[in-house]
Amino acid sequence: MILQTVLLFGPPGSGKGTQAKRLEISLRAVHISTGDMFRDHLSRRTELGLKIENLLKSGQLVPDTVTNEMVRDRLLRPDVALGTLLDGFPRNIVQARWLELLLGSRGYGIRGVIAMNVPHEQLIDRLKGRALKEGRADDADEAVIRRRLDTYGAQTEACLGFYKEAKKPVHSIDGVGSVDEVTARILKALGAA
Ligand code: ADP
């Protein structure tokens, strides 16, 4: 059996995390969010958490070696055997190339790459709302939000080019609409509806 992974791309505020939680159930895949993993380290004040605190708070990416190692350790755990849903990884070309090698060596195939699209102004409004509700430090400051959006535009979107060139199934999804509507669009694109 070929193990399958779905990659979920979307700018901050696009609803990626919300969709991932629902897709985890529908696709019976294990949801792996690098952002959640880093925030967990931060809240437990682990050695890694202390190392990345300033980067997270200022909206910068964690160095690739640190991130890749954390993902590799996670993908070695036995619960991923059914398939995974990667959320927030890869975020640049270096991570994408590294992931290709890792998936190849473990017999994983890419079932689909989902790219969620939401207009910028709507993203900023959503993130400010999330800052009030969830108190995420990187959502509270508009300069930090803009930096994350710029990084997404400059680096993460380049990853989509990488997967298109590699002839992987990349699906562009309209992220505006109700949560249910967006989930339905993603499932349809993956042929899982
Ligand atoms: P968002 O998409 O809203 O920015 P995430 O929860 O995906 O939120 O990520 C939060 C932060 O965690 C990022 O701004 C970055 O500092 C760090 N991070 C998450 N994934 C990666 C990654 N693949 N590489 C480097 N840093 C990452």
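The following exchange goes through the sheet, several helices, one loop residue and the ligand site of a predicted model.

Biologist: Which strands stand at the edges of the sheet, each with a single partner strand?

Modeller: The sheet is open and has 5 strands paired in parallel, in the order β2-β3-β1-β4-β5. One side of each edge strand is left without a neighbour in the sheet, because each has a single partner strand there. The strands at the edges are β2 (30-33) and β5 (170-174).

Biologist: What is the average twist from one strand to the next?

Modeller: Going through the order β2-β3-β1-β4-β5, the twist from one strand to the next averages 20 degrees.
Within this sheet, β2 and β3 (residues 84-87) pair over 4 bridges in the parallel sense, and the twist averaged over the strands is, once again, 20 degrees.

Biologist: Which residue of β3 is the bridge partner of I32?

Modeller: The pairing of β2 with strand β3, residues 84-87, is parallel and runs over 4 bridges. For I32, the bridge partner in β3 is L86.

Biologist: What angle does the direction of helix α2 make with that of β2?

Modeller: Helix α2, residues 34-44, packs on the sheet, where it touches both β2 and β3. Another helix, α5 (residues 93-105), lies across β1 (3-9), β3 and β4 (108-117), and runs at about 145 degrees to β4. For α2 and β2, the angle between the directions is about 65 degrees.

Biologist: Which elements do the buried residues of α4 pack against?

Modeller: Helix α4 covers residues 64-75, and its 16 Å from first C-alpha to last is close to the 16 Å expected at 1.5 Å a residue. Its buried residues are V66, T67, N68, M70, V71, R74 and L75. These buried residues pack against β2, α2, α3 (47-58), β3 and α5.

Biologist: Is R136 buried or exposed?

Modeller: R136 sits in the loop between α6 (120-134) and α7 (142-165). Its side chain is joined to that of D138 by a polar contact of 3.0 Å, and, leaving aside neighbours within four places in sequence, R136 is in contact with R39, R130, A131 and R148. Because its relative accessible area is 17% and the cut-off is under 20%, R136 is buried.

Biologist: How far is an oxygen atom of the ligand from a polar backbone atom of Q60?

Modeller: Of the 18 residues around the ligand, those that come nearest are T34, R39, Q60, G88 and Q95. A side-chain N or O atom of T34 is 2.8 Å from a nitrogen atom of the ligand, while a backbone N or O atom of V62 lies 3.0 Å from a ligand nitrogen atom. For the ligand oxygen atom and the polar backbone atom of Q60, the distance is 2.6 Å.

Notes:
Residues numbered from 1 in each chain as written. Predicted model: local features only at pLDDT ≥ 70, side-chain atom pairs only at ≥ 80, totals over all residues. Heavy atoms only, no water. Pairing = 2+ DSSP bridges. Helix = DSSP H or I, 4+ residues; strand = E, 2+ residues; numbered from the N terminus. Axes fitted to C-alpha atoms, helices over the stretch in contact; angles between N-to-C directions. Contact = heavy atoms within 4.5 Å. Expected span 1.5 Å × (residues − 1). Buried < 20%, exposed > 50% of the residue type's maximum accessible area, 1.4 Å probe, protein only. Polar contact = N/O pair within 3.5 Å; in protein donor to acceptor, adjacent residues only side chain to side chain. Near = heavy atom within 4 Å.
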